[in-house]
Protein chains: 2
Amino acid sequence: MTAFALDPTLHADTIEITTLPLCVARLMNDRRFPWVILVPSRPDVSEIIDLDTADRARLIEEVALVSTVMRELFRPTKLNVGALGNVVAQLHVHVIARFANDGAWPGPAWGTTPERYRHDEIDRTLAPLRGRLAGRA
Amino acid sequence: MTAFALDPTLHADTIEITTLPLCVARLMNDRRFPWVILVPSRPDVSEIIDLDTADRARLIEEVALVSTVMRELFRPTKLNVGALGNVVAQLHVHVIARFANDGAWPGPAWGTTPERYRHDEIDRTLAPLRGRLAGRA
């Protein structure tokens with residue numbers, strides 16, 4: 001049994017928000033949409049069914065918490081939730097605030113080219129997420 | 001309060017597999033990959049957070065059931081799970097068996113062009129799914 005360690009690609013593409021009971025919550029470095037990933041801090045997990053039933057219940061509730069916070073903060077047209085893992089196998093669940101006027105709408109955000117946040121703007125997205133999520137759950 | 005009715009576009013694009021305690025399970029009519037959608041049979045639901053906590057726990061367990069069956073039957077490289085709803089707002093969760101040699105790999109299946117099953121081949125995918133899922137849960 002190995003310890004949990006965040007995949008290096010996920011680490012490089014994201015910024016830490018906070019740690020929830022099951023998952024680490026990180027902001028995708030893509031200024032096109034508010035985009036959070038939840039990574040269950042369990043070793044050797046790539047599919048939802050690699051988690052046990054109790055952790056699956058925790059996962060859906062952490063997805064719900066992040067969804068609620070993102071809906072309140074960003075008022076998106078639609079939330080997109082997904083666990084793909086075709087490129088990075090470590091289980092990570094995306095929660096993305098999508099807008100009818102975003103450049104990828106109505107297609108998926110996955111498989112498109114990210115635009116990095118400018119240094120002076122990331123805190124506008126990161127700080128309210130951290131404020132609402134840190135210490136919750 | 002309106003009654004649950006399956007969205008007409010979802011109905012047209014899919015074939016019934018079976019009915020689970022929370023969701024109707026339907027096969028996407030796309031021969032490129034085994035692709036199931038789960039539609040919670042609750043009215044007026046477009047986001048996961050429109051379900052209550054008990055239904056969210058049912059949803060993740062039905063996703064897990066379908067995932068387990070699809071992994072057993074099709075031995076995919078990766079399962080892709082997602083709830084988008086940018087085109088059809090009624091909440092529906094995709095569970096897709098993806099393969100490293102499928103035409104969309106490693107990109108998402110969503111936003112690509114489906115290929116309909118030929119009449120004589122659909123039962124090879126549909127029948128084993130129905131056999132494993134009907135009467136489960």
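**Exercise 1. Find which residue A:Cys23 stands opposite in strand S3 of chain A, and place that pair in its sheet.**

Let's start with the pair: A:Cys23 stands opposite A:Pro40 in S3(A). Strands here are DSSP runs of E with at least two residues, helices are runs of H or I with at least four residues, and both are numbered from the N terminus. This is a predicted model, in which local features need pLDDT of at least 70 and side-chain atom pairs count only at pLDDT 80 or more, while totals for chains, interfaces and linings use all residues. Residues are numbered from 1 along each chain as its sequence is written, and chains are lettered from A and ligands numbered from 1 in the order in which they are written.

Next, widen the view. Strand S2 (residues 23-28) of chain A runs antiparallel to S3(A), joined by 5 bridges; two strands pair if DSSP finds at least two bridges between them. The hairpin from S2(A) to S3(A) passes through 6 residues. S3(A) also pairs in the antiparallel sense with strand S5 (residues 93-98) of chain A, over 4 bridges, and there A:Ile37 stands opposite A:His94.

**Exercise 2. Decide whether the faces of S3(A) are covered or open.**

Take one side, then the other. A:Trp35, A:Ile37 and A:Val39 are buried on one side, and A:Val36, A:Leu38 and A:Pro40 are buried on the other. Buried means 20 or more other C-beta atoms, placed from the backbone, within 10 Å of the residue's own. Both faces are thus covered, with 6 of the 6 residues of S3(A) (residues 35-40) buried.

**Exercise 3. Describe how helices H2 and H3 of chain B pack.**

First, the geometry: H2 (residues 53-74) and H3 (residues 122-133) of chain B pack at about 135°, their axes 10 Å apart. The two helices are therefore oblique to each other, a class left over once angles under 35 degrees (roughly parallel), over 145 (roughly antiparallel) and 65 to 115 (roughly perpendicular) are set aside.

Now the residues. From H2(B), B:Val66, B:Val69 and B:Leu73 meet B:Pro128, B:Leu129, B:Arg132 and B:Leu133 of H3(B); contact requires C-beta atoms, placed from the backbone, within 7 Å. These residues divide into 6 nonpolar, no polar and 1 charged.

**Exercise 4. Work out what joins chain A and chain B.**

Count first: the contact takes 29 residues from chain B and 29 residues from chain A. On the chain B side, H2(B) gives the most, with 9 residues. Finally, look at the strands: S4 (residues 78-83) of chain A and S4(B) pair in the antiparallel sense over 3 bridges, with A:Ala83 opposite B:Val81.

Note on methods: Axes are lines fitted to C-alpha atoms, for helices over the stretch in contact, and angles run from 0 to 180 degrees between N-to-C directions. Two residues are in contact if their C-beta atoms, placed from the backbone, lie within 7 Å. Ala, Val, Leu, Ile, Met, Phe, Trp, Tyr, Cys and Pro count as nonpolar, Asp, Glu, Lys and Arg as charged, and the others, Gly among them, as polar. A residue is buried if 20 or more other C-beta atoms lie within 10 Å of its own, exposed if 12 or fewer, and partly exposed in between; C-beta atoms are placed from the backbone.
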